[in-house]
Amino acid sequence: MVESSTTSWRRPVRGHRCTSTTRMLPVKAAREYQEAFSWFPDRVYVCYAMKANFNPYLVEHIVDETRAADVVSLWEMKVAVNAGAETVVVNGNAKSSDEIRAAVERSWVINVDSFEEFQRIEKIARHEGERALVALRVNPKVSPDTHSHIATAVEGSKFGVELEIAERVCRRMIESEWVEFLGLHYHIGSQITDLRPFSEALRSVRTFLEDTGLIEEISYLNIGGGLGIRYRRGEEVPSPHDLAEELQEDLKELHSESSGFDLYLEPGRSIVGEAGILVTSVRQVKRGRRRWVFVDTGMNALIRPALYDAYHEVVVHGGDYSATEKASVAGPLCESGDVLAEDRELPIDISEGDLVVFLSAGAYCESMASNYNCYPIPGSVVVRNGEITGVRRVQDYEAFSKTWW
Ligand SMILES: Cc1ncc(COP(=O)(O)O)c(C=O)c1O
Ligand SMILES: N[C@@H](CCCC[NH3+])C(=O)O
């Protein structure tokens, strides 16, 4: 649950009962992933993709269930370890040497993004005197129906290695004294609600593994994350069980052709997305050609509408919906794109101080918050089974200014 920067909540305290009916879905979702793939013959690791929401209190609950995380930076590594992650996979197209070193020292699997990165890893591993555990991120080239900014396996994508040249890279990894080649990784993008691209990607990778004979060399297959969530009321989206069913046949056959491999998944949004809300409060209503509802936080806390034309359901807490009219909800920032919701039916009598709540804000909202216009990073409250289990206070000026002076 994500609270806006300046809403006038009573100060939440860890352990207090909370009256909110918001369910803590993430643990359930993580469990569902584990159950959904339980037919897989070897081990299955559900590595929570921390980029979706790295709130440490939330990560703690999820990792308690999964024991595994997908990280992309040193700080994500720290949060994952503090939350008790035992299995960590390291992603990123431009990893720093410190990140690579940390992974090598702890024997975490590195999903290698390029041949050049493999060479850097080899050098670092030699220097450390430790073999690096590596998998190669490949680009199976699929075009899911999602925003182009979050499709990650299209032609020309910055991520991964094209399958046409991947065999050569894998063979070099296999020959290397300083890396241990485990297998392949791919991730086709995010907010994907059609299952076809997931099976297309798996089939491309399967064909690659069979045609090259690399099927005999792998002990690791990482199929990434990407499953979409419900942003609009009434929308139907596939569940982890649907995804598992879609992939079951190919995965089982691939497994039977191999000498056995563990399956890794990296879901982010589908674990935390639906569970989070962003609570803002109305500062002002403006009437002109359009009716505007200005709230106290904007794209600094919810950048998805501006970045991806994303839609988030809006609810006015306790609002009288018997008389509504169209209005757009915008933040206070000096940016025309700082519009959080366009043309929604909102109560006519909405006024200063009313709480405007954005739904499905658990993923890529809190984690993408910024200090634009020197607005503080909003605080957040994590609730589980009706109880507050974690509070991050609104960033204060002292914490903010330390970054600068
Ligand atoms: C490598 C990688 N794995 C996993 C994820 C998580 O994706 P999602 O939140 O869509 O499940 C991402 C983000 O798209 C990613 O880049
Ligand atoms: N930030 C994106 C998802 C990025 C996925 C990370 N690879 C969103 O809000 O939809």
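1. Helix α1 (residues 25-36) and helix α2 (residues 56-66) have axes that come within 9 Å and cross at roughly 25°. Angles under 35 degrees count as roughly parallel, so α1 and α2 are roughly parallel to each other. Their crossing is right-handed. Note that this is a predicted model.

2. Which residues make the α1 and α2 contact? From α1 come Pro26, Val27, Ala30 and Arg31. From α2 come Leu58, His61, Ile62, Glu65 and Thr66. By class, the contact of α1 with α2 has five nonpolar residues, two polar and two charged.

3. A second helix pair is α7 (residues 196-212) with α8 (residues 240-257). Their axes come within 10 Å and cross at roughly 5°. The helices α7 and α8 are therefore roughly parallel to each other. On the α7 side, the contact is made by Phe198, Ser199, Leu202, Arg203, Arg206, Leu209 and Glu210. On the α8 side, it is made by Leu243, Glu246, Leu247, Asp250, Leu254 and Glu257. The class split for α7 with α8 is six nonpolar, one polar and six charged residues.

4. Now the domains. The protein divides into domain 1 (2-15 + 276-402) and domain 2 (26-272). Domain 1 is thus written as two segments. The C-alpha centres of domain 1 and domain 2 lie 32 Å apart. Each side contributes to the contact: 19 residues from domain 1 and 19 residues from domain 2.

5. Which elements supply the side of domain 1 that touches domain 2? At least two residues each come from α10 (304-308), β18 (380-384) and β19 (387-392). By class, this side of domain 1 has seven nonpolar, eight polar and four charged residues.

6. Ligand 2 is surrounded by Lys51, Ile150, Ser190, Gln191, Arg304, Tyr308 and Tyr364. The shell draws at least three residues from each of domain 1 and domain 2. Its residues divide into three nonpolar, two polar and two charged. Arg304 and Tyr308 belong to this shell, and α10 spans 304-308.

7. Ligand 1 has 17 residues around it. Which of them come nearest? They are Ala49, Ser190, Gly225, Gly268 and Arg269. By class, the shell around ligand 1 has four nonpolar, nine polar and four charged residues. Ser190 is listed for ligand 1 and also for ligand 2.

Methods: Residues numbered from 1 in each chain as written. Chains lettered and ligands numbered in written order. Predicted model: local features only at pLDDT ≥ 70, side-chain atom pairs only at ≥ 80, totals over all residues. Axes fitted to C-alpha atoms, helices over the stretch in contact; angles between N-to-C directions. Helix = DSSP H or I, 4+ residues; strand = E, 2+ residues; numbered from the N terminus. Parallel < 35°, antiparallel > 145°, perpendicular 65-115°, else oblique. Left-handed = near helix turned anticlockwise from the far one by under 90°. Contact = placed C-beta atoms within 7 Å. Nonpolar A, V, L, I, M, F, W, Y, C, P; charged D, E, K, R; others polar. Near = placed C-beta within 6 Å. Domains from an automatic or database assignment.
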